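Here is a friendly walk through one protein model, moving from a pocket to the core and then to the backbone. Have the structure open beside you as you read.

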Amino acid sequence: MQKRILISGCSGGGKSTLLAALKSAGHRVVAEPGRRIVRAAQAARDDTTLPWVDLAAFARCAIDMAKSDLDSVASAPGLVFFDRGLIDAAVALEHATAIPIETVLGQIKHYTDPVFLAPPWPELFCNDAERQHDFAQAKAEYERLHNALDRLGHKSVLLPKTTVENRLTFVLDKVGQQTD
């Protein structure tokens with residue numbers, strides 16, 4: 001049986017670090033669509049899909065990529081962990097255009113409950129070439145994601161503000177996997 005586990009939440013909250021630990025522990029991980037889009041746009045010197053230039057175009061691209069990611073693991077057994085995903089992209093599109101997330105996602109639950117949320121963590125937050133928004137914008141994004149998960153009927157679980165190893169154990173315990 002497959003479980004699609006979404007790890008979402010605040011930018012700079014340690015999601016990607018946790019996903020790297022999950023991958024190192026032998027789990028299948030799908031990289032964040034947003035960062036892949038930004039890297040590709042920067043490499044091509046094409047800023048039309050950068051979120052700080054055109055959030056709606058970025059979100060549409062992220063939706064397409066997240067759907068493709070879901071399709072690519074459709075037959076993969078066991079746990080598949082997603083660093084952000086379709087819900088995140090739909091929330092970004094709703095924020096940019098007011099198109100309801102329910103219109104984008106339909107009635108299908110694309111991820112298994114619980115969805116893990118990284119809370120705002122100012123001590124971890126930093127900007128880089130792929131994250132140019134500030135902490136206040138990251139917190140606002142987190143609130144939109146949290147509210148969207150509630151609207152969609154997902155059970156969300158906050159990741160504790162602790163070490164990567166403790167977060168790894170926490171997530172695997174919540175999804176019913178044993179840690180070594």
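The lining of the second largest pocket is made up of five nonpolar, four polar and two charged residues. This is a predicted model, and the volume of that pocket comes to about 150 Å³. Which residues line the second largest pocket? Much of the list comes from one stretch of sequence, with Leu105, Gly106, Gln107, Ile108, Lys109, His110 and Tyr111 among the lining residues. Ile87, Glu102, Leu152 and His154 complete the set.

Two of these lining residues, Ile87 and Tyr111, turn up again when we look at the interior. The largest nonpolar core holds 36 residues, and Ile87 and Tyr111 are listed with Phe82 and Leu86 as those with the most contacts inside it. Several elements give two or more residues to this core: the helices α2 (33-43), α3 (55-72), α4 (86-97), α5 (101-105) and α6 (135-151), along with the strands β3 (78-83) and β4 (115-118). Apart from this core lies another one, of 15 residues, including Ile5, Leu79, Phe81 and Leu159.

Phe82 is a good place to stop and look around. Setting aside neighbours within four places in sequence, Phe82 is in contact with Arg4, Ile5, Leu6, Ile7, Leu19, Val30, Asp69, Leu70, Val73 and Tyr111. Tyr111 in that list is also a lining residue of the second largest pocket, while Ile5 belongs to the core of 15 residues.

Asp69, another partner of Phe82, is found in helix α3. Is Asp69 buried or exposed? Asp69 counts as buried because its relative accessibility is 9%, and the cut-off for buried is under 20%. Besides Phe82, Asp69 touches Val30, Ala31, Pro33 and Arg36, not counting residues up to four places away in sequence.

Pro33 brings us to α2, where it is one of the buried residues, together with Gly34, Arg35, Ile37, Val38 and Ala41. These buried residues of α2 pack against α3 and β3. After α2 comes Arg45, which has a positive phi, near 55°.

Positive phi values also appear in two loops. The table sets out the two residues, neither of which is a glycine.

| Residue | Phi | Location | Relative accessibility |
|---|---|---|---|
| Arg84 | about 60° | loop between β3 and α4 | 7%, buried |
| Ala98 | about 70° | loop between α4 and α5 | 59%, exposed |

Arg84 thus counts as buried, at 7% relative accessibility, whereas Ala98 is exposed, with a relative accessible area of 59%.

The backbone has another detail to look for in the loop between α5 and β4, where Pro114 lies. What kind of peptide bond joins Asp113 and Pro114? The bond is cis, with omega at about 5°.

Finally, a word on cysteines. A disulfide is a covalent bond between the sulfur atoms of two cysteines. How many disulfides does a search of the whole structure find? The search finds zero. Cys10 is buried, since its relative accessible area is 0%. Cys61 has a relative accessible area of 28% and is therefore partly exposed.

Methods
Residues numbered from 1 in each chain as written. Predicted model: local features only at pLDDT ≥ 70, side-chain atom pairs only at ≥ 80, totals over all residues. Heavy atoms only, no water. Core = buried A, V, L, I, M, F, W, Y, C linked by side-chain atoms within 4.5 Å. Buried < 20%, exposed > 50% of the residue type's maximum accessible area, 1.4 Å probe, protein only. Helix = DSSP H or I, 4+ residues; strand = E, 2+ residues; numbered from the N terminus. Contact = heavy atoms within 4.5 Å. Disulfide = S-S within 2.5 Å. 1 Å grid on protein atoms, 1.4 Å probe; cavity = no way out; pocket = protein on both sides within 12 Å on 5 of 7 lines; lining within 4 Å. Points joined across faces, edges and corners; volume = space filled by probe spheres on them. Nonpolar A, V, L, I, M, F, W, Y, C, P; charged D, E, K, R; others polar.
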